[in-house]
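Visitor: I should like a close look at one part of this model, with its surroundings described once that part itself has been dealt with. Please take it step by step.

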Amino acid sequence: KNVDQAYPEDLEREYTVTKKTLGVGSFAVVKECIRKSDDKPFALKIILKKVIAGKEHMLTSELDILKSVRHPNIVSMHALYESKDAVYIITDLASGGELFQQLLQKGSYTEKDASNLVRQMLEGLAYLHDNDIVHRDIKPENLLFDTANDEDSKLMITDFGLSKILKHHDDILMTACGTPGYVAPEVLLQTGHGKPVDLWSVGVIMFTLLSGYTPFWGEDQASLFESIMSGKYEFDEEYWSEISDSAKNLIDCLLTFDPAKRITAKEAMEHPWITGDQEEAGPRT
Ligand code: ADP
Ligand code: MG
């Protein structure tokens, strides 16, 4: 047993924490654990309390809401434990890894495969938004496949709602987690942080899935932010000539600069590129 890691007693009564680390994020370490009653595997997300310093009062109320969230495309929370230094959240296990990793491996996706992935993101988001939960940190690292070695594995959104507690505004500018290329312009301009920010992020992801590169770019963080805040991006012929107008249209709807005019998750689910309704307008197979 790891001596420098004492888990709360009530956690250890219900779960055995294994040695396997599933991932490390900007705030959390995620380990695998097994529920003793039925040997079912779960993920254990450990968040050190120092990263929520000053916002402890939000933690319980926020997590109570998040605990009630149940949707096939969302990683659910099952239990919550606390020690002096950390918060421990038991969630669904998503064994298939990050979309980020798969994207790096594949380079890019066919329209049919991308449509299937974007639809699942939209379904999860529509549910969260219906429940007035804004994710605020949609990116390929926070999209996990349910099962490994399975072409048809479902995609699940993780890490939702927590950004409210974990992040201060300034942290976006000083983030340690790499380039925040998925963040909406109104977040950088500090003019808004409602549901539309999530749809912007889906737009950036959809662009990236189809082309293998991101729509906004900069040598350093300052120029990346300038690029995002300009709202300008292009479908470079070299990479986009084979991609349908329907796909480009949906990207334009998602990467609409004005959050009030941006497409919603529900509306996007009705888009022909997602429904595949009209052969002409739907994703190419
Ligand atoms: P952070 O809030 O620090 O970003 P995340 O919840 O995103 O933490 O978790 C960090 C990483 O751990 C993820 O990118 C993923 O690789 C892995 N991970 C998180 N949740 C799970 C899970 N439920 N099942 C499997 N792996 C997970
Ligand atoms: Mg994360």
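How many other C-beta atoms lie within 10 Å of Lys 55?

Guide: The model is a predicted one, and in it 15 other C-beta atoms lie within 10 Å of Lys 55. Because a residue counts as buried at 20 or more such neighbours and as exposed at 12 or fewer, Lys 55, with 15, is partly exposed. Its place in the chain is the loop between β3 and α2, the helix that spans residues 56-67. The UniProt record, an unreviewed entry, lists Lys 55 under "binding site".

From that loop one can turn to β3 itself, which takes part both in the surroundings of the ligand and in strand pairing. Ligand 1 is surrounded by 21 residues, of which Gly 23, Gly 25, Phe 27, Ala 28 and Ala 43 are the closest. At least two residues of this shell come from each of three strands, namely β1 (15-24), β2 (28-35) and β3 (41-48), and it is β1 that supplies the largest share, with three residues. Sorted by class, the shell holds ten nonpolar residues, six polar ones and five charged ones.

Ala 43, named among the closest residues to ligand 1, also leads on to the neighbouring strand, since its bridge partner in β5 is Thr 91. β3 and β5 pair over six bridges in the antiparallel sense. β5, residues 86-91, is also joined by five bridges to β4, residues 77-82, and these two strands likewise run antiparallel. The connection between β4 and β5 is a hairpin of three residues. Across this pairing, Leu 80 stands opposite Ile 89, while Glu 82 faces Val 87.

How enclosed is β5? Six of its six residues are buried, so the strand is largely enclosed by the rest of the structure. Ala 86, Tyr 88 and Ile 90 point to one side of β5, whereas Val 87, Ile 89 and Thr 91 point the other way, and all of them are buried. Thr 91, the partner of Ala 43, therefore belongs to a strand that is largely enclosed, whereas Lys 55, in the loop after β3, is partly exposed.

Elsewhere in the chain, the largest nonpolar core has 66 residues, and the members touching the most others are Met 121, Leu 122, Val 202, Met 206 and Leu 254. Helix α7, residues 196-211, gives this core its largest share, ten residues. Leaving aside residues up to four places away in sequence, Met 121 touches Leu 143, Leu 155, Ile 157 and Val 202. Val 202 can also be set against Gly 276, 74 residues away along the chain, for the C-alpha atoms of the two are separated by 18 Å. Gly 276 is found in the segment after α12 (272-275), and, because it has 17 C-beta neighbours inside 10 Å, it counts as partly exposed.

As for the protein chain as a whole, its secondary structure comes to twelve helices and seven strands, and 36% of its 285 residues count as buried. Of the contacts between residues at least 6 apart in sequence, 63% join residues at least 24 apart.

How values were computed. Residues numbered from 1 in each chain as written. Chains lettered and ligands numbered in written order. Predicted model: local features only at pLDDT ≥ 70, side-chain atom pairs only at ≥ 80, totals over all residues. Near = placed C-beta within 6 Å. Helix = DSSP H or I, 4+ residues; strand = E, 2+ residues; numbered from the N terminus. Nonpolar A, V, L, I, M, F, W, Y, C, P; charged D, E, K, R; others polar. Pairing = 2+ DSSP bridges. UniProt positions renumbered as here; feature names shortened; annotations may be inferred. Core = buried A, V, L, I, M, F, W, Y, C linked by C-beta atoms within 7 Å. Contact = placed C-beta atoms within 7 Å.
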